[in-house]
Amino acid sequence: MPHFTSDPMTLAVVAFLSYLLGSVPFGLVITRALGLGDLRQIGSGNIGATNVLRTGNKGAAFATLILDAAKGGVAVLIARAVAGPDAAQVAALAAFLGHLFPLFLNFKGGKGVATFLGTLLALSWPVGLAVCASWLVAALIFRISSLAALIAAASSTFWMIGFGEGRMMLLGMVLTLLVFYRHAANITRLKAGTEPKIGKKQA
């Protein structure tokens, strides 16, 4: 069992506030503000940066990527500063769950890749950078965002071992399993060879 140095009430407050921050659907907010329509009716219907890119607006997709990553990272950094490293890990998980199952969208959220990367960067920047690099290399090679995300997520545990971040292992494995869970449909399409390439508009 993990040993927490923060009291349960503090961790509960951190979890609640981080979940609310993670629930903010920046992709949906940005596309609506720019008059690009309801993102849930475009492409895959996902609220993340990859689907925003299918609107043809690269700036909106980049802003979504940064903000979705930032909400995870900010939650971690604030929690660590206020309540310590245990609270930071709780914040990472809660913010990630907020993105996957947002309160503001009837618990129907995104797939969490940007938020996953943001939390890792804030928890341990060497691990976060290594996982980002894994995503980038896989994306350049295969040109399939979902496959790159799965490879990056799977690599995270090995990077944690490599950089001596054993304290993050349990959290990393949980986040990785959630990434795979949210990509179940993508995995099916990957097996069938029908997963779209990066930037390709879905019908």
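Which backbone oxygen lies 2.7 Å from a polar atom of the side chain of serine 155? Select alanine 152 together with serine 155, since the oxygen belongs to alanine 152.

This is a predicted model, in which local features need pLDDT of at least 70 and side-chain atom pairs count only at pLDDT 80 or more, while totals for chains, interfaces and linings use all residues. Residues are numbered from 1 along each chain as its sequence is written, and side-chain values use heavy atoms, with hydrogens and water left out.

Serine 155 sits in helix α8, helices being DSSP runs of H or I with at least four residues, numbered from the N terminus. Its relative accessibility is 12%, so serine 155 counts as buried (under 20% relative accessible area, with a 1.4 Å probe and protein chains only). Leaving aside residues up to four places away in sequence, serine 155 touches Val131 and Ser134, where contact means heavy atoms within 4.5 Å.

Next, select residues 113-123, helix α6, and residues 145-162, helix α8, whose axes come within 11 Å and cross at roughly 20° (axes are lines fitted to C-alpha atoms over the stretch in contact, and angles run from 0 to 180 degrees between N-to-C directions). The two helices, α6 and α8, are therefore roughly parallel, a term for angles under 35 degrees. To display their contact, pick Val113, Phe116 and Leu120 of α6 with Ala149, Ala153, Ser156 and Met160 of α8.

Finally, add residues 169-182, helix α9, whose axis comes within 9 Å of that of α8 and crosses it at roughly 170°. Helices α8 and α9 are therefore roughly antiparallel, which requires an angle over 145 degrees.

Note on methods
Angles under 35 degrees count as roughly parallel, over 145 as roughly antiparallel, 65 to 115 as roughly perpendicular and the rest as oblique. Buried means under 20% relative accessible area, exposed over 50%, partly exposed in between (1.4 Å probe, protein chains only). A polar contact is a pair of N or O atoms within 3.5 Å; within protein, one must be able to donate a hydrogen and the other to accept it, and residues adjacent in sequence count only if both atoms are side-chain atoms.
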